[in-house]
Amino acid sequence: MSLNIRKDDTVEIMVGNEENKGKRGKVIKVDAEKHAVMIQGLNVVKRHTRAKNAQTPGGIIEKPRMIDVSNVALVCPSCNKTTKVKKTAVEGKDGKVKYVRSCQHCNAVIEAKAAKATKKKTTKKTTKKAKTDATVESTENVEQ
């Protein structure tokens, strides 16, 4: 079963102890089978470990724990509000209908990976086009 929260999303903890409740963080890891997420810098617990050998000393280690998906809410990157995920149908380049995640408040698309990929492609094309335009102009100046 797929979840509405994915890796690299920003979420806010809605339920839990007072030190973590209401704080926002980036999702590090998603476990769809257990319906849990791991958030960077939040829900950190201390683990007392024993020294196993000379290379691995013992001590108190802090590590993040998983939080149930029902206890966190997704934060929309455009309106900066916690929101439920709505599926919106969008027609792709090849004419197929694709369902993407969107915000219920502002109807903005939440797909961060798709937006990054399109930005990278456009910047590469514009730089190549600018180089070819510059070479055409320089050859015209030489001929005249």
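The following dialogue examines how the terms applied to this predicted model rest on their definitions.

Trainee: How do you know which parts of the model may be described?

Mentor: Because this is a predicted model, local features need pLDDT of at least 70 and side-chain atom pairs count only at pLDDT 80 or more, whereas totals for chains, interfaces and linings use all residues. Residues are numbered from 1 along each chain as its sequence is written, and side-chain values use heavy atoms, with hydrogens and water left out.

Trainee: What makes a stretch of the protein chain a helix or a strand, and how many of each are there?

Mentor: Both are DSSP runs numbered from the N terminus: helices are H or I with at least four residues, and strands are E with at least two. By that definition the protein chain has one helix and ten strands. Their order from the N terminus is β-β-β-β-β-β-β-β-β-β-α.

Trainee: Why are β1 and β2 called paired strands?

Mentor: Two strands pair if DSSP finds at least two bridges between them. Strand β1 (residues 10–13) and strand β2 (residues 24–31) are joined by three bridges and run antiparallel, so the condition is met. One of the partners is K26 in β2, which is bridged to T10.

Trainee: How do you know that β7 pairs with β1, and what is its relation to β8?

Mentor: Strand β7 (residues 72–75) has three bridges to β1, in the antiparallel sense, and V72 of β7 is the bridge partner of I13. β7 and β8 are also antiparallel, with two bridges; because the definition asks for at least two, this pair qualifies as well. Here L74 has T83 of β8 as its bridge partner. The hairpin of β7 and β8 has six residues between the strands, and in it N80 takes a positive phi near 60 degrees.

Trainee: What makes β6 and β8 edge strands of the sheet?

Mentor: The open sheet has six strands in the order β6-β3-β2-β1-β7-β8, with antiparallel pairing. β6 (66–68) and β8 (82–83) each have a single partner strand, so one side of each is left without a neighbour in the sheet. In general, strands of a sheet pair through backbone hydrogen bonds, either parallel or antiparallel.

Trainee: Why is the contact of K26 with D8 called a salt bridge?

Mentor: The term requires a side-chain nitrogen of Lys or Arg within 4 Å of a carboxyl oxygen of Asp or Glu. For K26 and D8 the closest N and O atoms are 3.7 Å apart, so the pair satisfies the rule. K26 lies in strand β2 and D8 in the segment before β1, so the salt bridge ties together parts that are 18 residues apart in sequence. By this rule the count comes to three salt bridges.

Trainee: What makes K26 and D8 buried, exposed or partly exposed?

Mentor: Buried means under 20% relative accessible area, exposed means over 50%, and partly exposed lies in between (1.4 Å probe, protein chains only). K26 has 40% and D8 has 39%, so both are partly exposed. D8 also has a phi near 75 degrees, a positive value in a residue other than glycine.

Trainee: How do you know whether the residues of the salt bridge between R101 and D9 are buried or exposed?

Mentor: The closest N and O atoms of R101 and D9 are 2.8 Å apart. R101 lies in strand β10 (residues 97–103) and D9 in the segment before β1, 92 residues apart. At 2% relative accessibility R101 counts as buried, and D9, at 7%, counts as buried too. Of the 144 residues of the protein chain, 21% are in the buried class.

Trainee: Which class do E12 and R24 belong to?

Mentor: These two form a salt bridge in which the closest N and O atoms are 3.1 Å apart. E12 lies in strand β1 and R24 in strand β2, so parts twelve residues apart in sequence are tied together. E12 is buried, at 14% relative accessible area, whereas R24 is partly exposed, at 38%.

Trainee: Where does N43 lie, and what is its phi?

Mentor: N43 is in the loop between β3 (36–39) and β4. Its phi is positive, about 55 degrees, although N43 is not a glycine.
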